[in-house]
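Grab a pencil and open the viewer. Try each exercise yourself before you read its solution.

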Amino acid sequence: MPYNEQIIRDLFQKWAQAPVENITALKAAGSNRQYFRIFGRGKQAVATYGTNQLENKAFFAIGRHARLQGINVPAIYAVADDELHYLQEDVGDTSLFDLLGASEAPALLRKAVEALAYMQVKGLQDFDYTQCYPIASFDRQSLFWDLNYFKYNFLKFTKVDIDEVRLEEDFNRLADYLLIADSSFFMYRDFQSRNVMIHNGEPWFIDFQGGRRGPLAYDVASFLFQVRANFSEKTRMDLLEHYLKALEKLTTVNKSIFTEQLYAFAFFKGLQNLGTYGYRGIFEQKNLFLQSIPQAIDLLCTLIDSGRLNHLSTDYLFDLMRSAGQKTDNSNYTSLINHKSSLINPLTVTLTSFSYKKGYPNDNSGHGGGFVFDCRGLSNPGRLPEFSNLSGRNPAVVDYLEKEPNVKAFLQAVFASLDVSVGNYIERGFTHLSVAFGCTGGQHRSVYCAEQTAKYLVEKYKINVRLAHRELHIEEHLTPEP
């Protein structure tokens, strides 16, 4: 749903004890959050609307704890009852990224990595990580969320042939290595120069809502190898040395092991970035992200060719990136957008599977409406021990459900209902329809039904489908053949 300006006004008036005099929308970043600078009788704040309540609560918890430890993060002034609208301290509009070419940049960069080391080791050492979202700690599952994001939102759209078995084997080898790193520290997760604001000459940290317990090298790699920052090798080495000196004052560190892990995390972050650029550039058609794809591939290939990743034993994944590197002409990726834009009709159907225990999914389209189908009346494979740890995407679960007559009848009824709306929406030039499938755990029946419906709609209507399995943290995009 869209933000509610009246809630923002009431929140400010209660906090400031003064009426609102002016509200100005601020430029959005890569997230779905909306920001507004708000004034009234000498008081000023940034009003924020975030559509994910649990993510917002994690931001509040991390921010309040960090601030008590003396870390420069915006104060949380007030939170609305819905926990979607809130007021935070205004730390200005100038990010560290904006100043990278300025004379003061080297000193600010050193301050930033020094503050990062403190935040990672001391600033949140007593923090209750159960308050993090979506998970408390960096683990294998979260690693594969990012690897699959790369696979489905970028790699599948290149013209590189993929051996799925060998790719999964290398994904597992990479995960095995990364999970060796000590994960007892705070991991910012999106530590980059755009998320460091410069306020009163000092770095201030924002957008840490994805933070969790994790390894130190993850954030350092994210910062030093940020694609658009384009740091020179000398700058990276100078900042790394400064970071390690700051870190040694806080904890014991083996420099050679840390450096080896750093380059592995830089490779992983590069894959993650390509997934993001693919989604934002190809699906959301944001040209800035599209333009970053060749640069991101070049950075990865440089890492591979440097020999610093030889200990990973992921040669097949390296070869895939080298093949993608031969296609870094931006026109190759622009053609993907042109293909997406030239499909027979503009309709996109968002299909979501979810657990009723965790509430209905958000509709971020802004128009409301759509369908919610309850799958709890279907035979539940989750009750059987052999299926309990699998999902509705697993062949064994699919085979089980397809043998159940009530499942087939249910889907036929779903398809008949959707046929009415989809056909009408296409005729009228509508661009979006929301369809959700819920079951008890959001793992088996709802996932299977969403998958089958996606195939049906793409094949019959030649439309785009966004497929989101909320509880599995999987998102894919299906497009018809031209």
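Below are four exercises on this predicted model, each with a worked solution.

**Exercise 1. Work out the strand order of the open sheet of 5 strands, and find its edge strands.**

Start by tracing the sheet from one side to the other: the order is β1-β2-β3-β5-β4, and the pairing is antiparallel. Next, look for strands that pair on one side only; these are β1 (22-26) and β4 (76-79), so to speak the borders of the sheet. Now check how the sheet turns: from one strand to the next, the twist averages 25 degrees. Finally, see what lies against the sheet. Helix α2 (residues 53-68) packs there and touches β4 and β5, and its direction makes about 150 degrees with that of β4.

**Exercise 2. Follow strand β3 and list how it pairs with β2 and with β5.**

Take β2 to begin with. Strand β2 (residues 34-40) runs antiparallel to β3, and 7 bridges join them. One pair to look up is Q34 with its bridge partner Y49 in β3. The hairpin of β2 and β3 has 2 residues between the strands, and R41 there takes a positive phi near 50 degrees.

Then turn to β5. Strand β3 (residues 43-49) pairs with strand β5 (residues 85-88) over 4 bridges, again in the antiparallel sense. Here you can spot A47 standing opposite L87 of β5. As a last step, ask how covered β3 is: 5 of its 7 residues are buried, which makes the strand mostly covered.

**Exercise 3. Decide how helices α12 and α14 are oriented to each other.**

Read off the geometry: α12 (residues 395-402) and α14 (residues 445-461) pack at an angle of about 85 degrees, and their axes are 11 Å apart. Angles from 65 to 115 degrees count as roughly perpendicular, so α12 and α14 are roughly perpendicular to each other. Now find who makes the contact: V398, L401 and E402 come from α12, while R445, Y448 and Q452 come from α14. Sort those contact residues and you get 3 nonpolar, 1 polar and 2 charged.

**Exercise 4. Find the residues that touch the most other members of the largest nonpolar core.**

A bit of background helps: in soluble globular proteins, nonpolar side chains tend to be buried together. The largest nonpolar core has 95 residues, and the two you want are Y243 and F267. Helix α8 (residues 255-283) gives the most to this core, with 12 residues. Then zoom in on F267: leaving out residues up to four places away in sequence, it touches L174, L300, L303, I304, L309, L312, L317 and F318. To finish, look for a second, separate core; it has 33 residues, including V349, V397, V422 and Y425.

Note on methods
Residues are numbered from 1 along each chain as its sequence is written. This is a predicted model: local features need pLDDT of at least 70, side-chain atom pairs count only at pLDDT 80 or more; totals for chains, interfaces and linings use all residues. Side-chain values use heavy atoms; hydrogens and water are left out. Axes are lines fitted to C-alpha atoms, for helices over the stretch in contact, and angles run from 0 to 180 degrees between N-to-C directions. Angles under 35 degrees count as roughly parallel, over 145 as roughly antiparallel, 65 to 115 as roughly perpendicular and the rest as oblique. Contact means heavy atoms within 4.5 Å. Ala, Val, Leu, Ile, Met, Phe, Trp, Tyr, Cys and Pro count as nonpolar, Asp, Glu, Lys and Arg as charged, and the others, Gly among them, as polar. Two strands pair if DSSP finds at least two bridges between them. A nonpolar core is a set of buried Ala, Val, Leu, Ile, Met, Phe, Trp, Tyr and Cys residues joined through side-chain atoms within 4.5 Å. Buried means under 20% relative accessible area, exposed over 50%, partly exposed in between (1.4 Å probe, protein chains only).
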